[in-house]
Amino acid sequence: MPNGRASLAARAARKEAGITQLEMTFDEYYGSRESISQQENGRYQVQPELSKYYTEKHNNPFVAMEAAAEYIGWGPMKLDGDAADLHRMTVTMKTKEELEEAILSIKKASEKLTVNPRCVERLDIEEIEKSIMESIDAITALNHYVAVVCKEYGISWVKVWTQHKVKLIQRRFIKK
């Protein structure tokens with residue numbers, strides 16, 4: 001049974017877009033109104049087609065982010081708690097803060113990473129783990145920065161990730 005975060009994100013995205021479930025069925029989404037309802041109410045997991053619809057049609061990547069985390073049980077999720085502030089300037093400042101903390105922590109851990117992993121002391125492992133956690137905080141902040149800025153300025157989330165993929169292929173970091 002889905003935990004509901006993706007379902008809630010899908011419902012919120014639809015309401016934010018100002019459309020009904022029925023209108024979605026006529027708006028390039030290939031599901032039925034019943035299917036959308038079942039996904040929004042958590043009876044079924046949010047399907048990739050629905051995530052793709054919101055990302056491509058409404059430039060809202062949060063449904064996809066939540067659905068991916070729900071499918072695999074981990075990964076970046078939309079920050080939606082009482083302490084979360086997704087205003088573009090707040091997200092920008094928090095991203096800078098998280099990046100600075102991650103860089104400092106990685107610098108501290110980097111000397112430990114020169115040692116063979118079988119020979120590292122427990123305290124060194126803790127320093128490495130701290131750098132990983134700081135890096136995950138930075139990844140979460142960066143995901144939100146890109147999502148919020150793309151959304152607010154009408155920059156296509158799909159386009160920037162597509163361009164990024166092309167660049168990675170051109171630089172031979174990934175295969176087609």
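Hi everyone, let's start with a helix pair: the axes of helix 4, residues 48-58, and helix 5, residues 62-72, come within 8 Å and cross at roughly 155 degrees. Please keep in mind as I go that this is a predicted model.

Why do we call helix 4 and helix 5 roughly antiparallel? Angles over 145 degrees count as roughly antiparallel, and the crossing here is roughly 155 degrees, so helix 4 and helix 5 fall into that class. The crossing of the two is left-handed. If you want to find the contact on the screen, look on helix 4 for Pro48, Ser51, Tyr54 and Thr55, and on helix 5 for Val63, Ala64, Ala67 and Tyr71. Sorted by class, the contact between helix 4 and helix 5 holds 6 nonpolar residues, 2 polar ones and no charged ones.

Now stay with helix 4, and bring in helix 1. Helix 1 covers residues 5-17, and its axis comes within 11 Å of the axis of helix 4, with a crossing of roughly 30 degrees. Angles under 35 degrees count as roughly parallel, so helix 1 is roughly parallel to helix 4. Here too the crossing is described as left-handed. Which residues make this contact? From helix 1 we have Ala10, Ala13, Arg14 and Ala17, and from helix 4 we have Leu50, Tyr54 and His58. The class split for helix 1 against helix 4 is 5 nonpolar, 1 polar and 1 charged. Tyr54 is worth finding on your own screen: it is listed in the contact with helix 5, and it is listed in the contact with helix 1.

Let me move along the chain to helix 6, residues 88-110, and helix 7, residues 122-153. Their axes come within 8 Å and cross at roughly 155 degrees, which makes helix 6 roughly antiparallel to helix 7. Helix 6 passes helix 7 in a left-handed crossing. By class, the contact of helix 6 with helix 7 takes in 12 nonpolar, 6 polar and 10 charged residues.

These two helices also bring us to the pocket. The largest pocket has a volume of about 230 Å³. It is lined by 14 residues, and the ones closest to its centre are Leu79, Asp85, Lys94, Glu98 and Ala141. Which elements give two or more residues to that lining? They are helix 6 and helix 7, and helix 6 provides the largest share, with 5 residues. What is the lining made of, by class? The count is 6 nonpolar, 4 polar and 4 charged residues.

Let me zoom out before we stop. How many helices and strands does the protein have? There are 8 helices and 0 strands, so from the N terminus the order of elements reads α-α-α-α-α-α-α-α. Taken along the principal axes, the C-alpha atoms fill a box of roughly 60 × 35 × 35 Å.

That's my tour, and thanks for listening!

Definitions and conventions:
Residues numbered from 1 in each chain as written. Predicted model: local features only at pLDDT ≥ 70, side-chain atom pairs only at ≥ 80, totals over all residues. Heavy atoms only, no water. Axes fitted to C-alpha atoms, helices over the stretch in contact; angles between N-to-C directions. Helix = DSSP H or I, 4+ residues; strand = E, 2+ residues; numbered from the N terminus. Parallel < 35°, antiparallel > 145°, perpendicular 65-115°, else oblique. Left-handed = near helix turned anticlockwise from the far one by under 90°. Contact = heavy atoms within 4.5 Å. Nonpolar A, V, L, I, M, F, W, Y, C, P; charged D, E, K, R; others polar. 1 Å grid on protein atoms, 1.4 Å probe; cavity = no way out; pocket = protein on both sides within 12 Å on 5 of 7 lines; lining within 4 Å. Points joined across faces, edges and corners; volume = space filled by probe spheres on them.
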